[in-house]
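Subject: The structure, and what turned up in it

Hi,

Here is the structure I promised to send over. Please have it open while you read the notes underneath.

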Amino acid sequence: MGKNIVLIGFMGTGKSTVGMRLAERLHLQFVDMDREIERITGMTISQLFRKHGETRFRSEEQLMAQKLGRCSNLVIATGGGVVLQPDNVAALKKNGIFVALEASPEVIMARVSHKKSNRPLLNKATTVEDVKKMLAAREEFYACADIRVDTTGQELNKLVNEIIAQVKRVNTRRKTPPEQC
Ligand code: S3P
């Protein structure tokens with residue numbers, strides 16, 4: 001059973017773009033959690049937040065994490081807040097290698113500024129300082145990753161190559177039997 005590759009990280013770190021290319025390169029199926037939630041609920045993420053609040057969104061996200069945690073051979077782009085719930089991390093880690101994508105607050109701000117309407121939590125984040133604060137509050141949650149990759153100024157193909165190399169290393173390490181004592 002092939003492990004899933006689970007991309008985590010703050011909004012605007014490139015999880016969907018990188019995930020799609022990674023899946024293509026590895027001939028795996030790509031799943032974007034937020035798009036799946038939109039498909040199942042028939043609402044965009046913004047509509048979900050607006051009509052039913054963040055709590056409803058988080059419970060949809062939790063159901064999706066449980067479901068995908070039972071799958072294999074997927075590349076999964078998570079929403080930036082999936083790691084906030086320990087249950088989600090446990091579910092997705094059972095059969096997944098966690099890759100954290102990182103970017104500087106300045107780059108994040110530039111990347112998300114034209115797509116803020118899709119990201120309700122960024123409605124009030126108007127400066128780089130706001131993003132810095134949100135990043136600092138999330139840092140401990142992203143620390144659950146097996147691999148961390150900085151996407152700032154990186155070309156997509158290079159980035160994907162680096163992730164593939166690191167995933168192979170983690171896989172090899174996991175397959176090595178523990179030394180006898
Ligand atoms: C969220 C990130 C969003 C989306 C939702 C909440 C978060 O996904 O799941 O708006 O809490 O960081 P992206 O990281 O794909 O923007």
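Below are notes on the cores, one helix and some salt bridges.

First, the ground rules: this is a predicted model, in which local features need pLDDT of at least 70 and side-chain atom pairs count only at pLDDT 80 or more, while totals for chains, interfaces and linings use all residues. Residues are numbered from 1 along each chain as its sequence is written, and side-chain values use heavy atoms, with hydrogens and water left out.

Let's start inside. The largest nonpolar core (buried Ala, Val, Leu, Ile, Met, Phe, Trp, Tyr and Cys residues joined through side-chain atoms within 4.5 Å) has 33 residues, and I8, L68 and L92 have the most contacts inside it. Buried here means under 20% relative accessible area, exposed over 50%, and partly exposed in between (1.4 Å probe, protein chains only). Helix 3 (45–69) is among the elements that give two or more residues to this core, and its 7 residues are the largest share. Helices (H or I, at least four residues) and strands (E, at least two) are DSSP runs, numbered from the N terminus. Leaving aside neighbours within four places in sequence, L68 is in contact (heavy atoms within 4.5 Å) with N4, V31, M33, L74, I76 and L92. There is also a second, separate core of 17 residues, including L7, L22, A23 and L159.

Helix 1 covers residues 15–26. Its buried residues are K15, V18, G19, L22 and A23. They sit on the same side of helix 1, because they cover an arc of only 130 degrees around the axis (taken from the directions from the helix axis to the C-beta atoms). Their packing partners are strand 1, strand 2 (29–32), strand 3, strand 4 and helix 7 (156–175). Just after helix 1, H27 has a positive phi of about 55 degrees.

Now the charges. The structure holds 11 salt bridges, each a side-chain nitrogen of Lys or Arg within 4 Å of a carboxyl oxygen of Asp or Glu. In helix 1, E24 and R21 lie 3 residues apart, about one turn, and their side chains meet in a salt bridge (4.0 Å, N to O). E24 is exposed at 55% relative accessibility, whereas R21 is partly exposed at 27%. In helix 2, E36 pairs with R39 in a salt bridge (2.9 Å, N to O); E36 is buried at 19%, but R39 is exposed at 56%. The side chains of R58 and E61 also form a salt bridge (2.9 Å, N to O), and both residues are buried. Finally, D32, R35 and E38 are joined into one network by salt bridges that share partners.

Best wishes

Technical notes: The expected span of a helix is 1.5 Å times one less than its number of residues.
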